[in-house]
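Please open the model in your viewer with side chains available for display, and follow the stops below in order, selecting each group of residues as it is named.

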Amino acid sequence: MKFGKRLKQQIEESLPAWRDKFLSYKELKKLVRQISLAESCVEYGKADAEAEFVHLLNNEIDKFNVFFMEQEEDFIIRHKELQQRIKRVIETWGPNGTKPSEAEYKDEMAKIRKDIVNFHGEMVLLVNYSNINYTGLAKILKKYDKRTGGLLRLPFIQKVLQQPFFITDLVSKLVKECENTIDEVFPVEQEDEEEIVKEQREAITVAGKGIFRNTVAALLSMQEIRRGSSTYGHFSLPPMDLPDSDLIHSFQLNSPIPIV
């Protein structure tokens, strides 16, 4: 699948509020075509087209950074709130709490577990957002250099590698902490696992495009854009071995949609 189609598909499968935050690939591609044809175009000068192309690239990077940092800040706050909720439930309705109640404890913990899984999914989507926008920038810059004889790709990619939207270490750490929390605080008993999968499948059927479906699509997209191929080069993201990735460990266990 060509990158333009893959990006369009990814945008459609993303969260509605995120859809205008992705790379304006079609517009950039149009400018590259105009620049490559500028010598025979009297009305649109090459210098003007190049300036507009660079201006749009910089605006795109700014857009990615603003959105990514807003999401990252929100994730930090939500992570702390979830940890506080777990502590509060344990101290209130847990076996040694101030008001021990097995029914209340299970009910509140079930709500928290659902919120954590959804939170985990949103963070995976943000990692994919970083990956696919970086890949789009690398591809459009390669296209620019090839068609115009320019040398923009190297300096721009060096700039991109230092941008907040490309640095996903903190989000990846929060993803891992969520997985550890699920393993430690919400161990799945054998007799409960089938019921949990059933509930998740029903939730997806009703929601149509719930967080699980979006997240699985994002994970498969990450695998695709990181897959080694004949076009793999210095500016490509490293291949991603999806089945063994820590990032999707909990989805391997709990998602009703097969990922292997």
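Begin by selecting R85, a residue of this predicted model that counts as partly exposed, with a relative accessible area of 23%. Add D115 to the selection, and the two side chains will be seen to meet in a salt bridge, with 2.8 Å from N to O. This pair links distant parts of the chain, since R85 belongs to helix α3 while D115 belongs to helix α4 (residues 102-148), and their positions lie 30 residues apart in the numbering as a separation. D115 is likewise partly exposed, its relative accessible area being 31%.

Stay with helix α3, which covers residues 46-93, and move the selection to K63 and E60. The closest N and O atoms of these two residues are 3.2 Å apart, and the pair forms a salt bridge. Here both partners lie in one helix, α3, three residues apart, or about one turn. Is each partner of this pair buried or exposed, in whole or in part? K63 is partly exposed at a relative accessible area of 22%, whereas E60, at 4% relative accessibility, counts as buried because its value falls under the 20% cut-off.

Next, select E102 and K106 in helix α4, where they sit four residues apart, about one turn of the helix. They form a salt bridge in which the closest N and O atoms are 3.3 Å apart. E102 is exposed, with a relative accessible area of 59%, and K106 is exposed as well, with 54%. From this pair, turn to D74, R78 and E122, which are joined into one network by salt bridges that share partners. The count for the model comes to eight salt bridges, and the stops so far have included those of R85 with D115, K63 with E60 and E102 with K106.

For the last stop, show the surface and select K2, K5, K8, K26, K29, K30, R33, K139, K142, K146 and R147, which gather there in a patch of positive charge. Colouring by helix is useful at this point: α1 (3-12), α2 (25-36) and α4 each supply at least two residues of the patch. Finish on K5, which lies in helix α1 and which, at 61% relative accessibility, counts as exposed because that value is over 50%.

Key: Residues numbered from 1 in each chain as written. Predicted model: local features only at pLDDT ≥ 70, side-chain atom pairs only at ≥ 80, totals over all residues. Heavy atoms only, no water. Salt bridge = Lys/Arg side-chain N within 4 Å of Asp/Glu carboxyl O. Buried < 20%, exposed > 50% of the residue type's maximum accessible area, 1.4 Å probe, protein only. Patch = residues over 30% accessible without salt bridge, like charges linked within 9 Å, V, L, I, M, F, W, Y side chains within 5 Å. Areas by Shrake-Rupley, 256 points an atom, 1.4 Å probe, with all protein chains shown as cover. Lys, Arg positive; Asp, Glu negative; His and termini not counted. Charge placed at Lys NZ, Arg CZ, Asp CG, Glu CD.
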